[in-house]
Amino acid sequence: MTPVHFSFSSAFILGLMGLGFHRNHLLSALLCLEGMMLSLFIALALWALQFESTSFSAGPMLLLAFSACEASTGLALLVATARTHGTDRLQNLNLLQC
């Protein structure tokens, strides 16, 4: 495994561990998701560059578009949660309480 592949896979694993272990605030969960998506984008872009084929070049752009949609949806949920509950702590959110 090359150092480049190791750094991107370790960045993804660190984002996944941060998402799994530090689930206090919605903002920290969103930042961990964005870090995971960024490492996936860079790894997929480097993979497409290694093969030097134009058929693989649409994958990273599609992932980047979905990542932007995920980020905007997450920020909209963060603002809505902060307005209704007064905080973004995940312990205060209860789906059964409507």
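This note sets out numbered points on the helices, selected residues and recorded annotation of a predicted model.

1. Helix 2. This helix covers residues 26-51, and its 26 residues should span 38 Å at 1.5 Å a residue. The end C-alpha atoms of helix 2 are 38 Å apart, which agrees with that expectation. Directly after the helix comes Glu52, whose phi is positive, near 50°.

2. The buried side of helix 2. The buried residues here are Leu26, Ala29, Leu30, Cys32, Met36, Met37, Ser39, Phe41 and Ala48. Their cover includes helix 1 (3-21) and helix 3. In an α-helix there are 3.6 residues a turn, so residues three or four places apart point the same way. The list for helix 2 may be read with that periodicity in mind: Ala29, Cys32, Met36 and Ser39 are among the buried residues.

3. Helix 3. With 28 residues, helix 3 reaches 40 Å from its first C-alpha to its last, close to the 40 Å expected at 1.5 Å a residue. Gly86, just after this helix, takes a positive phi of about 85°. The buried residues of helix 3 are Pro60, Leu63, Ser67, Gly74, Leu78 and Thr81, and what covers them includes helix 2.

4. Ser67. Which residues does Ser67 touch, leaving aside those up to four places away in sequence? They are Glu34 and Met37. Ser67 lies in helix 3 and has a relative accessibility of 9%, so it counts as buried. Met37, one of its contacts, is itself listed among the buried residues of helix 2.

5. Glu70. This residue also belongs to helix 3, which runs over residues 58-85. Is Glu70 buried or partly exposed? Its relative accessibility is 22%, and because the limit for buried is under 20%, Glu70 counts as partly exposed. Beyond residues up to four places away in sequence, Glu70 touches Leu30, Leu33, Glu34 and Met37. Glu34 and Met37 are thus contacts of Glu70 and also of Ser67. Of the residues that Glu70 touches, Leu30 and Met37 appear among the buried residues of helix 2. Between Glu70 and Ala11 the C-alpha separation is 19 Å, with their positions 59 residues apart in sequence numbering.

6. Helix 1 and its surface patch. A nonpolar patch on the surface is formed by Ile13, Leu14, Met17 and Phe21, with about 450 Å² of accessible area together. Phe21, a member of this patch, is placed in helix 1. At 65% relative accessibility, Phe21 lies over the 50% limit and therefore counts as exposed.

7. The N-terminal segment. Thr2 sits in the segment before helix 1. Its relative accessibility of 37% is the reason that Thr2 counts as partly exposed. Thr2 and Asn92 are 90 residues apart in sequence, and their C-alpha atoms are 43 Å apart in space.

8. Recorded annotation. An unreviewed UniProt entry lists residues 6-22, 29-49 and 61-80 under "transmembrane region". In the model, residues 6-22 are 94% helix and 0% strand, with end C-alpha atoms 23 Å apart. Residues 29-49 are 100% helix and 0% strand, and here the end C-alpha atoms are 30 Å apart. The regions themselves come from the UniProt record, whereas the helix content and end distances are computed from the predicted model.

Terms used: Residues are numbered from 1 along each chain as its sequence is written. This is a predicted model: local features need pLDDT of at least 70, side-chain atom pairs count only at pLDDT 80 or more; totals for chains, interfaces and linings use all residues. Side-chain values use heavy atoms; hydrogens and water are left out. Helices (H or I, at least four residues) and strands (E, at least two) are DSSP runs, numbered from the N terminus. Buried means under 20% relative accessible area, exposed over 50%, partly exposed in between (1.4 Å probe, protein chains only). Contact means heavy atoms within 4.5 Å. The expected span of a helix is 1.5 Å times one less than its number of residues. Patches are made of residues with over 30% relative accessible area and no salt bridge: like charges are joined within 9 Å, nonpolar side chains (Val, Leu, Ile, Met, Phe, Trp, Tyr) within 5 Å. Accessible areas come from the Shrake-Rupley method with a 1.4 Å probe; for residues, only the protein chains shown count as cover. A salt bridge is a side-chain nitrogen of Lys or Arg within 4 Å of a carboxyl oxygen of Asp or Glu. UniProt positions are given in the numbering used here, feature names are shortened, and annotations may be inferred rather than shown by experiment.
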